[in-house]
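Let's take a walk through this model together. Have the coordinates open and follow along.

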Amino acid sequence: MNKINISIIFLFVVLRIMAQPVPNVDENIPYLMTFGGEAETSWGDDDFSQAFFFLIPEDYTQPFFIKVFDPDTGGKIDEIAGDWNTSCVYEVYGGEGVWSEVDARETSPTGNYKSGTLLATKTFAENPRYDNQWYTFGPFNPAQGEYVEMFGGKVFKVICEGISGDDGNMYRYYLSTEAETNRPLEGANAFAYEYSFRMHNDENEVSHIYPYIDDRTITLQILNFDWDMDGSIVVISRARQGDRIDISGEDHWTRDDLKIQEEEKESSFDFQFVKLKSPVVRNNNVVVNVRNQYGETLPFYTIPIGGVPKYQYDPTIVELD
Ligand SMILES: [Ca+2]
Ligand SMILES: [Ca+2]
Ligand SMILES: [Ca+2]
């Protein structure tokens, strides 16, 4: 086991973090977002598919549930294009290969990204019964997941995909120990290699996502899609107080590269999405992923590893009067 694996396990053990709503509270993201497969990408979803991984700590052996809030596409919360005609399928996977398959950690729904064993699936169109309500998948047995040593636990995967229609589906997850009430699972976490989400409409709200930078990362490639020039995307780390990265406009990817400093390795970064004050950009959907210099994707944890990063002032730098 290499150094980074040990440090990740250490952090999980030390923090005894509580899972969780996905997106989590610190992220301040209203909803995940997946559009129907016939949507225009200019609405803000590049590929109509979002995969999330759920990590169950080794010492948890009881059943658990994966709940979806507002799984349908219609009604109060979602984004209509013409009429409601969108169906989205949710698929829960466990078993060998669910995470270890390389395609599962890629950012496009191609190849063997649906790796592992399908444990549960349900398709939702417009459905008042599930509008603004929870749907519960499970119970699942932690033993049904894929054991991954560097995480110290079992990994499951949920894919939401827009199979037809052109509307935007907004939704959230909750990893719960109970079916009826949302009860967090101590020590669990959730992560994604590409994050597709809806921004707030309130210009004063700042959303966050937290990529984990491992000790092999020298250059970080940051890609963002369809940001609509909605203010700035800012990076906070131990060594950065708020570097602005290059942002995208309508319906295209923009890439920016950051050179990683030694003290930033094995820590989380805080990407802050700071909205334009005027004019207010409404219903903004954005997609973000990061890679290292080898082109390997890095995960965004809903509970940042090591906690929310803070800039650490370096006292060896002498300030001039
Ligand atoms: Ca439609
Ligand atoms: Ca929805
Ligand atoms: Ca957008």
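How many bridges join strand 15 to strand 21? There are 5, and the two strands run antiparallel; one place to see this is Asn224, whose bridge partner in strand 21 is Val288. Strand 15 (residues 219-225) is also joined to strand 18 (residues 253-259), here by 7 bridges and again antiparallel. Look for Leu223, which stands opposite Arg255 of strand 18. Strands here are DSSP runs (E, at least two residues), numbered from the N terminus, and two of them pair if DSSP finds at least two bridges between them.

Before going on, some housekeeping. This is a predicted model, in which local features need pLDDT of at least 70 and side-chain atom pairs count only at pLDDT 80 or more, while totals for chains, interfaces and linings use all residues. Residues are numbered from 1 along each chain as its sequence is written, with chains lettered from A and ligands numbered from 1 in the order in which they are written.

As for confidence, pLDDT (the predictor's own score per residue, from 0 to 100) averages 93 over the chain, and 92% of the residues score at least 70. Residues 12-16 are another matter: pLDDT stays under 50 there. Where pLDDT is low, the predicted coordinates should not be read in detail.

Now for an open sheet. Its 4 strands come in the order 13-20-16-17, with antiparallel pairing. Strand 13 (206-209) and strand 17 (240-245) are the edges, each pairing on one side only. Strand 16 (residues 232-237) is held to strand 17 by 4 bridges, and Ser237 stands opposite Arg240 in that pair.

Next, the largest nonpolar core (buried Ala, Val, Leu, Ile, Met, Phe, Trp, Tyr and Cys residues joined through C-beta atoms within 7 Å). Of its 72 residues, Phe52, Phe53, Phe54, Val158 and Leu175 touch the most other members. Strand 3 (residues 49-57) gives the most to this core, with 6 residues. Leaving aside neighbours within four places in sequence, Phe54 is in contact (C-beta atoms, placed from the backbone, within 7 Å) with residues including Ile66, Val158 and Leu175.

Finally, visit Asn85, in the loop between strand 4 (64-69) and strand 5 (87-94). Is Asn85 buried, exposed or partly exposed? Asn85 counts as partly exposed because it has 17 C-beta neighbours inside 10 Å; 20 or more would make a residue buried, 12 or fewer exposed. Beyond four places in sequence, Asn85 touches Gly165, Asp166 and Asp167.

Conventions
Two residues are in contact if their C-beta atoms, placed from the backbone, lie within 7 Å.
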